[in-house]
Amino acid sequence: MASPSPIATISPSTSSETSISSTGATPASSVPSPIAANPPTAEQDPPFRIAIIGGGIGGLTAALFIDQVCNTAEHRKIETSIYEQASEYREIGAGIGLGANATKLFARLESKIDGTPLLDAINVISGSRNGVWFDFRRFDTGEEILAVPRNEPEDARIRMVSVNRAELHSILLRHVQAKFETIGGGRLFTGKKLVSIDEVSKSARMTFQDGTTAIADLVIAADGIRSAVRRQFSADEPVYGNKIIYRGLIPFSSLPNPWPLDSHAAMWIAIGAHFLMYPISADKTINVIACKDKQLTDIGAELSSERWFATCERSELEEDFAEFTDPLVQEVIRLMPREISKWRLNDRRPIESWVFMGGKVVLLGDAAHPMVPHQSAGAGQAVEDGYILAKALGQFLLLKDDASGEQSIEPGIEKEKLAKGNNALERWMTLYQNVRMPRAARTQESSRKAGELFELIEPEMECLSYEERLPSLREQALENTKWIWTEDIDAAWEMALSEMA
């Protein structure tokens, strides 16, 4: 087994630092060659080493926020390494939604490529929804139930976006590459499947499946719902949510023209199922999702506790959604590819802590709070995680440098009240957890309930007819989601900071 490196590097003979691309999107540029950190002088602290496990949307976003907050003259120098278990950096899946809560934070990132800010690049690839989140309709007649507006801020750049997951990932990856190449002290690795983490002195040592090891001062687990890091510290398991979804993409140009609805973002509602579509890829593609309530015994052997998605014939979707007799739904189904994907929906219940090993290991994104997709909230919650984690880490690194008391931290905080000993990192990582955990847990639960609402199977609806269930949908559809888009996480940060002091 390779011995741990003092700057979280890995032997070139066993490591993969190669060209990276995002499947389904324009290939990203080659990953820059590793940039050696300048050795610390006697007057300098050694760089603070950050390892991000997982190179998906959450991990890359966290890297960008950390770079912006912590790579300044006022902070101790950092080195960030991202470890992806796959052979290339890419995303699977199709469409993904980001609410104004997420795009507001992306707007704060100063990263640009060829003069284009990151958020502007994201807005370019978004599909248009004509001011509508979803137009809810009956499954049988197609009659409108209600249209939920997007409820966006006045800034036109900060809006709900509907994007291809791979295209979003490609944009984030290019911005991370550009930062690492320009500033130095950053590396991207592939083929690094984490096996375990153990404590070595004041650091954490990661062991990978290929036998290599690496050392970091902070390990950020952004390795998804099946997180290897979470599995080491928590015995909980993913939970099946009694639903499967079919997914497929169709060319926008193949849709009926003229389109009979006010928006291409539409959702048809039946008891125990819902069918939805929305545009992505700058209105070049329509993302289609069909969700069906099914007990575990009814989903088939191809979707097991180990294998969560499979391909299937379109005819299976046609059979499951035969009751959707609105001709527009059936036309959209006929336009889908003959072979589509089928997924079982899983999430996990909240756990007591996201912070381990005295603050040297933290969870982020789906590793901390995986959620079902019914409110399009999961990616936005990961963005919020990265933003708050970077603020907390930035404060910790300021304190680490602030031996003279001349540098400042957040206004209103008395430095002498904050721990600076061995538990300082743990205190700041716990602050991150205290800000994010309640909101993420509420979003998890809200997303589960949205799945019940959109299929009209809330417990209190059990004895009601279809028509008698619709008023509840009308009352709840907007209010149950609006708070996710509009809640002020900066206010939550300030409150937690004052409590910490």
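Let's start with a pairing. Strand β1, residues 48-53, runs parallel to strand β2, residues 78-83, and six bridges join the two. Pick one spot in that pairing: I50 stands opposite T80 in β2. Keep in mind that this is a predicted model.

How does the chain get from β1 to β2? Helix α1, residues 57-70, comes into play: β1, α1 and β2 make a right-handed β-α-β unit.

β1 also pairs with strand β13, residues 218-221. That pairing is parallel too, over four bridges. Here I52 has I220 as its bridge partner.

Now, is β1 buried or exposed? Mostly covered: six of its six residues are buried. Look at the two faces. In a regular strand the side chains alternate between the two faces of the sheet. On one side of β1 sit F48, I50 and I52, and on the other R49, A51 and I53. Every one of these six is buried, so both faces are covered.

Next stop, strand β11, residues 203-208. Why do we call β11 largely enclosed by the rest of the structure? Because five of its six residues are buried.

β11 takes part in two hairpins. Take β10 and β11. Strand β10, residues 194-200, pairs with β11 in the antiparallel sense, over six bridges. L194 has F208 as its bridge partner there. Two residues lie between the strands of this hairpin. In the turn, S201 has a positive phi of about 55°.

Then β11 and β12. Strand β12 covers residues 213-216, and four bridges join β11 to it, again antiparallel. M206 stands opposite A214. This hairpin has four residues between its strands, and G211 takes a positive phi near 95°.

On to an eight-stranded sheet. What is its strand order? Read it across: β7-β6-β15-β16-β17-β14-β19-β18. The sheet is open, and its pairing is mixed. At the edges stand β7, residues 144-149, and β18, residues 309-313. Each has a single partner strand, so one side of each is left without a neighbour in the sheet. Neighbouring strands here are turned by 20° against each other on average, ignoring direction.

One pairing inside that sheet: β14, residues 239-251, with β19, residues 339-347. They run antiparallel over six bridges. Y240 in this pairing has N346 of β19 as its bridge partner.

A quick look at one residue. S472 lies in helix α10, residues 466-476. Why does S472 count as buried? Its relative accessibility is 19%, and the cut-off for buried is under 20%. Leaving out residues up to four places away in sequence, S472 touches L453, E458 and M461.

Let's zoom out. The protein has twelve helices and 21 strands. Of its 501 residues, 57% are buried. Its accessible surface comes to about 20,500 Å², and 49% of that belongs to carbon and sulfur atoms. Take the contacts with a separation of 6 or more: 78% of them come from residues 24 or more positions apart.

Last, confidence. The average pLDDT is 87, and 85% of the residues score at least 70. Where does pLDDT stay under 50? One stretch is residues 1-15, for which the model has 36 contacts beyond four places in sequence. Another is residues 401-408, with twelve such contacts. Where pLDDT is low, the predicted coordinates should not be read in detail.

Technical notes: Residues numbered from 1 in each chain as written. Predicted model: local features only at pLDDT ≥ 70, side-chain atom pairs only at ≥ 80, totals over all residues. Heavy atoms only, no water. Buried < 20%, exposed > 50% of the residue type's maximum accessible area, 1.4 Å probe, protein only. Pairing = 2+ DSSP bridges. Right-handed = clockwise from strand over helix to strand, strands pointing away. pLDDT = per-residue confidence, 0-100. Contact = heavy atoms within 4.5 Å. Axes fitted to C-alpha atoms, helices over the stretch in contact; angles between N-to-C directions. Areas by Shrake-Rupley, 256 points an atom, 1.4 Å probe, with all protein chains shown as cover.
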